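Student: I would like to learn how to read the surroundings of a ligand. Where do I begin?

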Amino acid sequence: MTKKYTMTIGGEPVAADDYTEIRNPADTSEVVGLVPVGTMQHLEQAVSAAREAFKRWRHSSDQERVEACQTIAKVVTDNAAELATLLTQEQGKPLKGMGSEFEVGGCAGWAAYTAGLSLPMKVLEDSEASKIEMHREPLGVVGSITPWNWPLMIAIWHVVPGIRTGNTVVLKPSPFTPLSTLRMFELISAALPKGLINVISGGDELGAALSEHAGINKIVFTGSIATGKKVMSSAAPTLKPLTLELGGNDPGIMLPGTDPAPFVERLYWGSMINSGQTCGALKRLYVHGSDYDATCKALVDFAGNIPMGNGMDETSLLGPLQNERQFKRVIELVDDARAAGAKVLCGGKATGGSNYFYPVTFVADIEDGTRLVDEEQFGPVLPIVRYSDVDDAVRRANGTIFGLGASVWGNDSDATAKVAARLEAGTVYVNKHAEIAPHVPFGGIKCSGIGVEFGEEGLAAYTSIKVINAAA
Ligand code: NAD
């Protein structure tokens, strides 16, 4: 019988009246599990449980908070095999390579690292006139809304800094990939005080209700720009602080005279990681005319060596697109580019059958102004755009509403540094792309987001500043 998963509210497993099927994108005839359809009542219960737990957790000692984050890391590690398998089945990403085992390992690593971060009280002045201290206080109940591409890792990024700083959490996972998140926090919650982390599954309307709820003190949201704007507007009446990690359309510029050979593997995985379904992946590559043909050939040759298939097959390094909406969008963008006269160098046609596999596709002879270059494709498709002048390439790279990441590639470190300084993005990489780490703040500028995650700067976003200004 297909397993019914449960929500977690106040430390207890909670069932729903209705369930929907979650199917495997590598074989849509396979039902992976049944997800409870949470209601507004469940949302109210989750917010109440989190508020109740906050009454005590806000006064927890630093040591208790560190230990809670370490417990999260340990529970994830102890259950890594089960979580990785479930993640592969519902999300489609392979178990191996930069797939589910990598993602679950990242969850444990991020939780353990964040446990060790702290924001101690600062003395701002200690004079004959005054003693002024700055304290960091928890905000209250954090509402977390997550997407379907890296569901476990992003949930951990939202939840752990919240717990570390004395907040409690209500989390709503994406309706496309809820099962692994429900299971992970069922396991984690059993090892933590009741009500610290509450997880409710259901439709988009729960996200909207969470964003506007007066009992929620902050929203951390990762998802599309369109939904980010809705979250910001629902959160406005209660003036909630927001962390918004939104979409990207990261450009990469290969400087003139750059041999692609030493960079091809990094270029490939920088764009194809998670079959391109990664916010900070390389999504358009600008290559100088003198190196254009060699770079296109190097990428196509490399692609031929990377197996795509059902993620449970341990030889697969790439999986399918996660859902039908995304699958249709990628088909549409490649067809549109082809109709505009672009040349599909490899791939370019869905594999067929009851699945969402789309092959790795490199598209050449394509210009800005084509949807595949201007929009976020979020699939295993990279447009390679020819340029003749570096200033023009920088202008085109920056000429967008997006500002998550960007990269510059070349052998002359002075030249790459000059271009890096001119690229407009939250992260500019040199000779690499799509690398993140728990000690390095990560976030977007322009429409790619507000605020950062990770490091002390990310942690601070879960606190308010309280100054105590005493006459000496
Ligand atoms: P999405 O915006 O469609 O959905 C994200 C979440 O928002 C889901 O849980 C959804 O149920 C919820 N939601 C939908 N409508 C809502 C509303 N009105 N109010 C509140 N919540 C609502 O995004 P997606 O398709 O799941 O994810 C893909 C997008 O996420 C891409 O654009 C990608 O670039 C972006 N992303 C960004 C980052 C980052 O760190 N910057 C990381 C991963 C993904």
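Tutor: Begin with the residues near it, meaning those with a heavy atom within 4 Å. Here 31 residues surround the ligand, and the closest are Thr146, Asp204, Ser224, Leu246 and Glu376. This is a predicted model: local features need pLDDT of at least 70, side-chain atom pairs count only at pLDDT 80 or more, and totals for chains, interfaces and linings use all residues. Residues are numbered from 1 along each chain as its sequence is written, and side-chain values use heavy atoms, without hydrogens and water.

Student: Which polar contacts does Glu376 make with the ligand?

Tutor: A polar contact is a pair of N or O atoms within 3.5 Å. An N or O atom in the side chain of Glu376 is 2.6 Å from an oxygen atom of the ligand. From the backbone, an N or O atom of Leu246 lies 2.7 Å from a ligand nitrogen atom, and one of Gly223 lies 3.2 Å from a ligand oxygen atom.

Student: How much of the ligand does the protein cover?

Tutor: Accessible area comes from the Shrake-Rupley method with a 1.4 Å probe. On its own the ligand has 850 Å² of it, and the protein covers 92%.

Student: Why does the ligand lie between domain 1 and domain 2?

Tutor: Domain bounds come from an automatic or database assignment. Domain 1 (7-246 + 446-471) and domain 2 (250-430) both give residues to the shell, so the ligand lies between them.

Notes: A polar contact is a pair of N or O atoms within 3.5 Å; within protein, one must be able to donate a hydrogen and the other to accept it, and residues adjacent in sequence count only if both atoms are side-chain atoms.
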